[in-house]
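Please walk through this protein with the sequence and the coordinates side by side. The paragraphs below go from the domains to the empty spaces and then to some local details.

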Amino acid sequence: MHGRMMFQPLLISSLLEHAAEFHKDTLIVSKNTDGSLYETNWGDVSDNAKRGAKALNELKLIHGDCIATLAWNNHRHLEAWYAISGSGLICHTINPRLFPEQLIFIINDAQDKAIIFDKTFLPLITGIKAHIPLVQHFICLDAPDEKIRQALPEVLFYDDLIAGQTAEYTWPEFDETTASSLCYTSGTTGNPKGALYSHRSTVLHSLAASLPDSLNLSAKDIILPVVPMFHVHAWGTPYAAAMVGASIILPGPGLDGESLVKLIDQYEVTVALGVPTIWQSLLVAAKAMNSSLTSLKRNVIGGSACPPSMLATFRDVYDCETIHAWGMTEASPLGTANQFKAKHKQLSQDQQAKLRLSQGRPPFGVSIRLVSEERGTDLVPHDGETIGNLQIKGHWIVDKYFGQSDSPLTSDGWFDTGDIASIDADGYLHISDRAKDLIKSGGEWISSVELENIAMGHPEIAMAAVIAAQHPKWDERPVLIAVKHPDSQITEQQLMDYYADKIAKWQTPDKVIFVDAIPLSGTGKMLKRKLREEYGHVLM
Ligand code: ADP
């Protein structure tokens, strides 16, 4: 017997309908590509999304077609997202920082029928256009511009398209398991692979991400997603913000520390989200600008491990609570978030600080487990110490990669994340490393993250990456690549000595190499692969 309750498919359009009905005048701020600020609200975003959906229909794009977006976090991009997925098309967000060959690969792999782009990326489009024959429409997310038309004669302009439509439109209703959006992994190994999200997975993910023990989002919040919309949907915040009716500040291309501090102070941002490298430059800027980031009550750090020193600075200097979260493209991305339980109130300050460093525990909807590194099938105890391969399962975890028939799952249905971790009895996850970044020194394993965290705790070090360098005797040994603060005179020996009382001697890096900058991936993570290529032989 079925329950006698209404059934409504969980559709992305319903998030926007809710925001438009109950949070119509809630502010949405957008930084344009030219640096100017534009203020709108959920009501207008909803109207424009409907206009956009009608315009896309008129371009003969049909249910299930992939539409690529190549854009910064801005209001037109937000409207386009809802227009695409809401009308039954698939929104394929592309990372503009990929190499042209990767762009061509993923556009052709997804069979994108249209590309919606910010004018900043016009040269990218004209550069690859000859290699993406399936793309029928190029839509510039801007007002008409003759220069762009000269470079790309068939271009359509977003502002024109929506100006030609009324906002009279009813979002279509379809099966909630319909594909809504497509996001490729960054492809550190081989070609990028596509994670194809559904309406259902996206709505459920938004619910889980908004919960108090996750990102704790509500209509009282002013959210600044610094993490780009092309990096796993800005961690789902544009959907979650509509669901809870939060205000959202879209920073456009201005991701430097100074621009972000200005936005936080001007719009009284309450919660901001980004990878550690973003926060690094924000902290430098906040100090230089003498800002106390008064409104910022919490920040979400994920994508790579949050250095303990960063967490302490936010807590002690800015009275800002850091939520350390773990996730991945294949997990939409939220896997775990760090929030205390009631019983943790009794812990000492030191114990609390230690627990806050963990990547946290899963919300309802995600399960996590560890399996033995040697024997992939044996389960590893959740005792907070034993490490194993982290596997996940849940409503918003990938089942198959886009366009691939083989299952990436284990025979009992779990997804192996490629991360090495421990889990404690309360479910708190502690990521030791990515499997490929672990340093295997003479049969012992050394966590690169742990060594980086120590270096980052040194007041004269701005950024640190530890790689496995080949070693004639030990197979691999850790080498630290570090960036000093501009006025620092620190030497290699001084930095090595800094490890003395913090870690076993055999784990201390064999060498320190000072560089001006560490190469970053398109999503702002340290490109250790590149560093390994460059410095992997220094000990041979
Ligand atoms: P990529 O790094 O390849 O661009 P993702 O953005 O999907 O792809 O990254 C997912 C990976 O990032 C995880 O498997 C994990 O290794 C790492 N990661 C994410 N969040 C954290 C975190 N809080 N601490 C440590 N590692 C993290």
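How far apart do the C-alpha centres of domain 2 and domain 3 lie? They lie 24 Å apart, in a model that is predicted. The chain is divided into domain 1 (40-198), domain 2 (308-432) and domain 3 (438-535).

Domain 2 gives five residues to its contact with domain 3, and domain 3 gives seven. Together the two domains bury about 480 Å² between them, and carbon and sulfur atoms give 65% of that area. On the side of domain 2, Pro308, Ser309 and Ser432 supply 62% of the area buried against domain 3, more than any other three residues. How many salt bridges does the rule find across the interface of domain 2 and domain 3? The count there is zero.

The next topic is empty space. Rolling a probe the size of a water molecule over the atoms shows where such space is left. The second largest pocket has a volume of about 1200 Å³. It is lined by 38 residues, of which Pro308, Lys354, Leu357, His430 and Asn453 are the closest to its centre. Pro308 thus appears twice, as one of the three residues named for the area that domain 2 buries and as one of those closest to the pocket centre. Several elements give two or more residues to the lining of this pocket, among them helix H13 (308-316), helix H14 (349-356), strand S19 (429-434) and helix H15 (448-456). Domain 2 and domain 3 each provide at least three residues of the lining. By class, the lining has 18 nonpolar, 13 polar and seven charged residues.

Closed spaces come next. A search of the whole structure finds three cavities of 30 Å³ or more, and the largest cavity has a volume of about 80 Å³. Which residues line the largest cavity? They are Gly52, Ala55, Leu56, Ala80, Ala83, Ile116, Ile139, Tyr158, Leu161 and Ile162. Two or more of the lining residues come from each of helix H2 (42-58), helix H3 (75-86) and helix H7 (158-163). The lining of the largest cavity divides into nine nonpolar residues, one polar residue and no charged residue.

Helix H3 and helix H7 are also joined by a pair of charged side chains. Side chains of opposite charge can pair when their charged atoms come close. Arginine 76 forms a salt bridge with aspartate 159, with the closest N and O atoms 2.8 Å apart. Arginine 76 lies in helix H3 and aspartate 159 in helix H7, so this salt bridge ties together parts that are 83 residues apart in sequence. By the rule used, the count comes to 22 salt bridges.

Two details of the backbone remain. Most residues other than glycine have a negative phi, and most peptide bonds are trans. Tryptophan 235 is not a glycine, yet has a positive phi of about 60°. Tryptophan 235 is placed in helix H9 (residues 232-235). Where is proline 333 placed? Proline 333 is in the loop between strand S14 (321-327) and strand S15 (334-337). A cis peptide bond joins serine 332 to proline 333, with omega about 5°.

Key:
Residues numbered from 1 in each chain as written. Predicted model: local features only at pLDDT ≥ 70, side-chain atom pairs only at ≥ 80, totals over all residues. Heavy atoms only, no water. 1 Å grid on protein atoms, 1.4 Å probe; cavity = no way out; pocket = protein on both sides within 12 Å on 5 of 7 lines; lining within 4 Å. Points joined across faces, edges and corners; volume = space filled by probe spheres on them. Helix = DSSP H or I, 4+ residues; strand = E, 2+ residues; numbered from the N terminus. Nonpolar A, V, L, I, M, F, W, Y, C, P; charged D, E, K, R; others polar. Domains from an automatic or database assignment. Contact = heavy atoms within 4.5 Å. Buried area = accessible area lost by both parts, 1.4 Å probe. Salt bridge = Lys/Arg side-chain N within 4 Å of Asp/Glu carboxyl O.
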